[in-house]
Amino acid sequence: MLPHLNAAYRFARWLSHSPGDADDLVQEAILRAFRGFDTLRGSNVKAWLLAIVRNCHSTALKQQQRRAFVPLPEEHDPQDGYAMIATTPDPESASIRRDDARALERLMSALPEEHREVLVLREIEELDYRAIATVTNVPIGTVMSRLARARATLKARWLREVEGELRGVR
Amino acid sequence: MGCAESLRVQAYFDGEVDAVSAADLERHVEHCAECRALLQDLEQTRTAIRRDLPPGRAPPELRARIMQALDRETALNTPRGKRWGRTSWRTRPFWVGALGGLGSAAVAATLFLVLSPSLTNPLLDDLLSAHVRSLMPSHLIDVVSSDQHTVKPWFAGHTDVSPVVADFTPQGYRLIGGRADYLEHQRSAVVVYQHGPHVINVFSWAASSALPRNTTRSGYHMAFWSAGDVQYCAVSDTGWDELLGLVRLLRVRE
């Protein structure tokens, strides 16, 4: 289970908007998995754990909505937003790379959640359609259409970003 | 995205189609400019994501926090009450002189089993009986070995499953052998560990029904989990902490 901690963390980061939330989400998911409340179906342990992360996330969301949750002032973590980005030794290309990466991360964050999650599961976690269907609890056909829409939207917005030279303006 | 084949082209890109469909789609793409462009877009998007958003790793603090939480969890999970008369079982130096004292221990265990409230789930009943039976003289182990490379192959010829077998002596769980038992209408594999004076039986069988939740019966803790198509149950009269400690070691090996 712990071999998939990184995957759980990455997925949690994409689901929740603050690193603190992601930490809590991962911890809760792993404890749930450990307690064996969510029985493993099939043989894909990674997909199983990610499904639990996702369930914990939607449970947390529902609870927040029910309590008319008032967010605390966000703690600013200097690592926030950069944590997932590797640095390269060449400072110039590193800075371009970082801009690109930040823009891409922002565009992906702006996708509707149901699109973002299939994209992350496919491109970053490299799950197959069946595993993605397990994690997101929808039929494979829905996975395929969501994935297509997510990719098309991301591509279109990326183009708009580049062509409109909006980069850096935010 | 007007072409009717676009989803299949995407599936081809994602490596989700068989060889025949792949050849078919390759021919299609040759003649369909739209799908050629689509393939290119898919490739670019993937490259950008994988290049610019390299896999993040869980921060070490989080990893440490989770390990701590798991430890706390197992401590919390240890029932402090006197459910099922458990307390007397745990505090009594029951298995002192471990294997030597098994005879009387087993008698007491059987009495406990008989006196305990009726068990509703037949699987739990079977597991508990098998555990208690194993504590009777010479029923514990069919293959005596602390070597996983001896125990594991033995299962191949005697049981219907091939469970995780590993020795965790450094962590306090000594592999002492294996046994075949009849459970869920199949020849299940039992890996036997010794933890201090306690015997822990780790049952495994091909998944056939829903996995029960962790529970305590007649003073014996039963921890369930599954890996792939195999379901596991660790049974012992050790504390929850100790039992779940072994479960954690085994799950990491999956």
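In this predicted model, chain B has an average pLDDT of 77. A score of at least 70 is reached by 78% of its residues. Confidence varies among the elements of chain B: α1(B) has the highest mean pLDDT, 95, and helix α5 (residues 86-91) the lowest, 32. Over residues 78-119 of chain B, pLDDT stays under 50. The model nevertheless has 53 contacts beyond four places in sequence for that stretch. Where pLDDT is low, predicted coordinates should not be read in detail. For the complex, the predictor gives an ipTM of 0.78 and a pTM of 0.54.

Chain B contains nine helices and seven strands. Of its 254 residues, 35% are buried. Contacts between residues at least 6 apart in sequence were also examined in chain B; 59% of them join residues at least 24 apart.

The seven strands form an open sheet in chain B, in the order β1-β2-β3-β4-β7-β6-β5. The pairing is antiparallel. Strands β1 (143-144) and β5 (215-217) of chain B lie at the edges, each pairing on one side only. Helix α8 (residues 148-158) of chain B packs on this sheet. Its contacts are with β1, β2 (174-183) and β3 (186-195) of chain B. The direction of α8(B) makes about 10° with that of β2(B). Helix α9(B) lies across β3, β4 (198-206), β6 and β7 (230-236) of chain B. The helix runs at about 15° to β6(B).

Strand β6(B) was examined further. On one side, three bridges join β6(B) to the antiparallel β5(B). Within this pair, B:Thr216 stands opposite B:His221, and B:Thr215 stands opposite B:Met222. The two strands form a hairpin with two residues between them. In the turn, B:Ser218 has a positive phi of about 50°. β6(B) also pairs with β7(B), in the antiparallel sense, over seven bridges. Here B:Ala227 of β6(B) stands opposite B:Val230 in β7(B). This pair is a hairpin too, with two residues between the strands. B:Gly228 takes a positive phi near 60° in that hairpin.

β6(B) is mostly covered, with eight of its eight residues buried. In a regular strand, side chains alternate between the two faces of the sheet. Both faces of β6(B) are covered. One side carries B:Tyr220, B:Met222, B:Phe224 and B:Ser226, all buried. The other carries B:His221, B:Ala223, B:Trp225 and B:Ala227, also all buried. Thus B:His221, opposite B:Thr216, and B:Met222, opposite B:Thr215, belong to opposite sides of β6(B).

The contact between the chains takes 41 residues from chain B and 39 residues from chain A. Five elements of chain B give two or more residues to the side that touches chain A: α1 (6-13), α3 (33-52), α4 (60-77), β6 (220-227) and α9 (240-252). The largest share, eight residues, comes from α3(B). By class, this side of chain B has 20 nonpolar, seven polar and 14 charged residues. Two of the contributing elements, β6(B) and α9(B), also meet within chain B, where α9(B) lies across β6(B). α1(B), another contributor, is the element of chain B with the highest mean pLDDT.

Definitions and conventions:
Residues numbered from 1 in each chain as written. Chains lettered and ligands numbered in written order. Predicted model: local features only at pLDDT ≥ 70, side-chain atom pairs only at ≥ 80, totals over all residues. Contact = placed C-beta atoms within 7 Å. Helix = DSSP H or I, 4+ residues; strand = E, 2+ residues; numbered from the N terminus. Nonpolar A, V, L, I, M, F, W, Y, C, P; charged D, E, K, R; others polar. Buried ≥ 20, exposed ≤ 12 C-beta atoms within 10 Å, placed from the backbone. Pairing = 2+ DSSP bridges. Axes fitted to C-alpha atoms, helices over the stretch in contact; angles between N-to-C directions. pLDDT = per-residue confidence, 0-100.
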